[in-house]
Amino acid sequence: MDHLNSLRVECPLTKTCDWKPLYHTTGTYSGLSIYECQTCKLQTLYPRPNQEELYTQDYYQGKAEYSYIDEREQKPFFRYVWKARIQNIKRYVKAGHFLDIGSSFGGFLEVAKEEGYTIQGVEISEYAANFANANKIPTFNGSLYEAQFPSEHFSVITLVEVIEHIENPNRFFLELTRILKPGGLLLLQTANFEGWQAKEEGSHYHYYMPGHVYYYSDTILKKILTGLGFGSFVSYFGVDFPLMAKLKKARGSFQNGKDYLHWFRISFYHFRSKWKRKGYPLTSSYVLYAFKK
């Protein structure tokens with residue numbers, strides 16, 4: 001099948017892919033066709049929607065059927081999480097050029113700048129990139145390849161809920177490796193499909209969405225990056241910042257006193273993400289810190 005041959009070209013692993021149908025999704029976005037590689041267990045969505053049609057202005061304003069949470073509406077509350085994440089990053093890389101890919105309106109980079117990094121964003125949405133640049137957050141509007149950054153330029157590269165959106169991850173991971181300095185940090189936040197949450201929910205798992213085209217696991221990401229010269233890793237099952245930051249962020253969406261009960265659900269999920277069964281975490285929330293040799 002021609003489309004399976006094209007997926008072999010995109011594969012960031014061995015190219016000995018044996019793609020087989022896995023699911024037709026049954027969750028919020030039902031009817032999507034998910035394939036799984038029998039060789040490495042990487043999953044992909046195929047066929048895929050036209051990506052350019054997904055990421056419209058309505059997407060970034062939270063008005064589309066498949067949509068993004070507009071961070072500007074609750075920015076003071078999002079900052080709790082952004083600042084906590086930057087503080088954790090500084091434990092490993094204290095200064096340098098900081099690139100956020102999928103940087104949206106630039107709020108996360110704004111905090112990185114306050115903490116002393118030299119910042120740069122990449123954002124495919126002209127609408128979001130224009131807003132960021134107008135607020136003095138330097139943002140390239142286009143793809144990472146089009147930006148043509150110098151080799152070994154960045155000390156930190158972050159992709160928060162972005163890597164799952166990327167078609168042709170083989171090419172993309174090579175470009176990330178090229179522009180990251182030796183000793184630099186690559187931060188990837190995505191779903192870990194080895195987590196029991198993804199395994200047990202199966203075709204109903206909420207992470208199967210029109211814009212998510214590849215689905216990873218802790219093992220798969222480490223295998224990809226080891227092959228590209230990354231030498232050490234820190235895996236956070238859950239998130240890489242404290243619970244209190246998450247609770248403070250959530251408060252931004254509360255409408256009345258009863259909404260504070262959501263803190264119990266958030267806290268339970270946070271602590272549950274640290275527990276394992278048969279060697280695998282109970283949830284699929286996940287952040288990987290990878291360090292280039």
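1. Strand 4 (residues 97-101) and strand 5 run parallel and are joined by 5 bridges. Within this pairing, L99 has Q120 of strand 5 as its bridge partner. The model is a predicted one, and the points below should be read with that in mind.

2. Strand 5 covers residues 118-123, and 5 of its 6 residues are buried. Strand 5 also pairs with strand 6 (residues 139-141), again in the parallel sense, over 3 bridges. One of the partnerships here is that of E123 with N141 in strand 6.

3. The connections between these strands pass through helices. Strand 4, helix 5 (residues 107-114) and strand 5 form a β-α-β unit that is right-handed. From strand 5 the chain continues through helix 6 (residues 126-134) to strand 6, and this β-α-β crossover is right-handed as well.

4. Helix 5 also packs against helix 4 (residues 75-89): their axes come within 9 Å and cross at roughly 50°. An angle over 35 but under 65 degrees is classed as oblique, and helix 4 and helix 5 are therefore oblique to each other. Their crossing is right-handed. On the side of helix 4, the contact is made by K75, R79, W82, K83, R85, I86 and I89. Helix 5 contributes G107, F108, E110, V111, A112 and E114.

5. Where does V93 lie? V93 is in the loop between helix 4 and strand 4. Buried means under 20% relative accessible area, so V93, at 9% relative accessibility, counts as buried.

6. Which residues does V93 contact, leaving aside its neighbours within four places in sequence? They are Y117, S155, V156 and L185. For one of these, S155, the C-alpha atom is separated from that of V93 by 7.2 Å, although the two residues are 62 residues apart along the chain.

7. A separate topic is the open sheet of 4 strands, which has the order 1-2-3-9 and antiparallel pairing. Its edge strands are strand 1 (19-24) and strand 9 (214-215), each of which pairs on one side only. In general, strands of a sheet pair through backbone hydrogen bonds, either parallel or antiparallel.

8. Within that open sheet, strand 1 pairs with strand 2 (residues 33-37) in the antiparallel sense, over 5 bridges. H24 stands opposite S33 of strand 2.

Methods. Residues numbered from 1 in each chain as written. Predicted model: local features only at pLDDT ≥ 70, side-chain atom pairs only at ≥ 80, totals over all residues. Heavy atoms only, no water. Pairing = 2+ DSSP bridges. Helix = DSSP H or I, 4+ residues; strand = E, 2+ residues; numbered from the N terminus. Buried < 20%, exposed > 50% of the residue type's maximum accessible area, 1.4 Å probe, protein only. Right-handed = clockwise from strand over helix to strand, strands pointing away. Axes fitted to C-alpha atoms, helices over the stretch in contact; angles between N-to-C directions. Parallel < 35°, antiparallel > 145°, perpendicular 65-115°, else oblique. Left-handed = near helix turned anticlockwise from the far one by under 90°. Contact = heavy atoms within 4.5 Å.
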